[in-house]
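Thanks for coming, everyone. Let me put the structure up, and then I will walk you through it.

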Amino acid sequence: MSTQIPELAGIHHVKLPVTDLERSWVWYQSRLGFEQAMEFSDGVEVIGLLLRHPRGGPDLGLWLDPDRAAAAAGFDYFVFGAPNRQALEALAERLTALGERHPGVHPGTAGWVLPHVKDPDGHELRFQCQE
């Protein structure tokens with residue numbers, strides 16, 4: 001067995017369970033700018049989508065699984081990175097203009113954070129920068 005630490009290269013993609021694939025796809029596209037890169041079918045219907053952001057970050061998989069989506073509501077499984085505070089402020093303004101509730105950008109334990117953004121299934125989304 002090798003004693004070397006394995007080589008990794010960041011996060012490839014994140015996968016979220018959702019109750020309504022279309023509703024979630026529209027939300028992530030309209031609020032955050034994700035674009036559809038691929039869809040997955042069970043042979044009868046589309047059961048998953050892979051989303052890609054044109055300005056970086058990991059890909060985001062949305063998977064039709066209502067029971068798991070309900071169980072995951074309210075927890076922040078991951079945090080989106082932002083390049084700086086100005087980008088967080090611009091995102092907060094965009095979300096506010098689109099009717100999304102959030103507490104705004106404020107100092108975090110490291111840098112700045114925009115917490116408590118909820119997607120249509122109640123998944124807790126956070127955005128943070130290190131500056």
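**Pocket, sheets and helices**

Let me start at the pocket. Among the elements, α3 gives the most to the lining of the largest pocket, with five residues. One caution before I go on: this is a predicted model.

How much space lies in that largest pocket? About 650 Å³. Three elements give two or more residues each to the lining: α1, residues 21–32, β5, residues 79–81, and α3, residues 85–97. The lining has 23 residues in total. Look for Leu32, His53, Gly81, Pro83 and Leu91, which lie nearest the centre of the pocket. By residue type, the lining divides into 15 nonpolar, five polar and three charged.

Now step back to the overall layout. The protein has three helices and eight strands. Along the sequence, the pattern reads β-α-β-β-β-α-β-α-β-β-β. The C-alpha atoms fill a box of roughly 50 × 45 × 30 Å along the principal axes. The protein has 131 residues, and 37% of them count as buried. Take the contacts with a separation of 6 or more: 51% of them come from residues 24 or more positions apart.

Next, the sheets. I will begin with the one that holds β5. Four strands form this open sheet, in the order β5-β8-β7-β6, and the pairing is mixed. Why is one side of β5 and of β6 left without a neighbour in the sheet? Both strands stand at the edges with a single partner strand each, so there is nothing in the sheet on the other side. β6 covers residues 106–107.

Let us go through the pairs. β5 and β8 run parallel, joined by three bridges. Gly81 has Gln128 in β8 as its bridge partner. Remember Gly81 from the pocket: this residue is one of those nearest the pocket centre.

β8 and β7 are antiparallel, with five bridges between them. Here Trp112 is partnered with Cys129 in β8. The two strands form a hairpin, with five residues between them. In that turn, Gly122 has a positive phi of about 85°.

β7, residues 112–118, also pairs with β6, again in the antiparallel sense, over two bridges. Pro107 finds its bridge partner in β7, and that partner is Trp112. Trp112 therefore turns up in two bridges, one to Pro107 and one to Cys129.Which helices pack here? α1 packs on this sheet and touches β5, β7 and β8. The direction of α1 makes about 25° with that of β8, residues 124–129. α3 lies across β7 and β8, and runs at about 25° to β7.

That leaves the other sheet. This open sheet also has four strands, in the order β1-β4-β3-β2, with mixed pairing. β1, residues 13–18, and β2, residues 35–41, are the edge strands, and each pairs on one side only. On average, neighbouring strands of this sheet are turned by 20° against each other, with direction ignored. β1 runs parallel to β4, residues 59–64, and six bridges join the two. For one of the bridge partners, look at His13, which is matched with Asp59 in β4.

To close, go back to the pocket with the sheet in mind. α1 and α3 both give residues to the pocket lining. α1 packs on the sheet, and α3 lies across β7 and β8. Thank you.

Terms used
Residues are numbered from 1 along each chain as its sequence is written. This is a predicted model: local features need pLDDT of at least 70, side-chain atom pairs count only at pLDDT 80 or more; totals for chains, interfaces and linings use all residues. Side-chain values use heavy atoms; hydrogens and water are left out. On a 1 Å grid over the protein atoms alone, a cavity is a set of points where a 1.4 Å probe fits but cannot get out, and a pocket is an open set with protein on both sides within 12 Å along at least five of seven lines; lining residues have an atom within 4 Å of a point. Grid points are joined across faces, edges and corners, and a volume is the space filled by probe spheres set on the points. Ala, Val, Leu, Ile, Met, Phe, Trp, Tyr, Cys and Pro count as nonpolar, Asp, Glu, Lys and Arg as charged, and the others, Gly among them, as polar. Two strands pair if DSSP finds at least two bridges between them. Contact means heavy atoms within 4.5 Å. Axes are lines fitted to C-alpha atoms, for helices over the stretch in contact, and angles run from 0 to 180 degrees between N-to-C directions. Buried means under 20% relative accessible area, exposed over 50%, partly exposed in between (1.4 Å probe, protein chains only).
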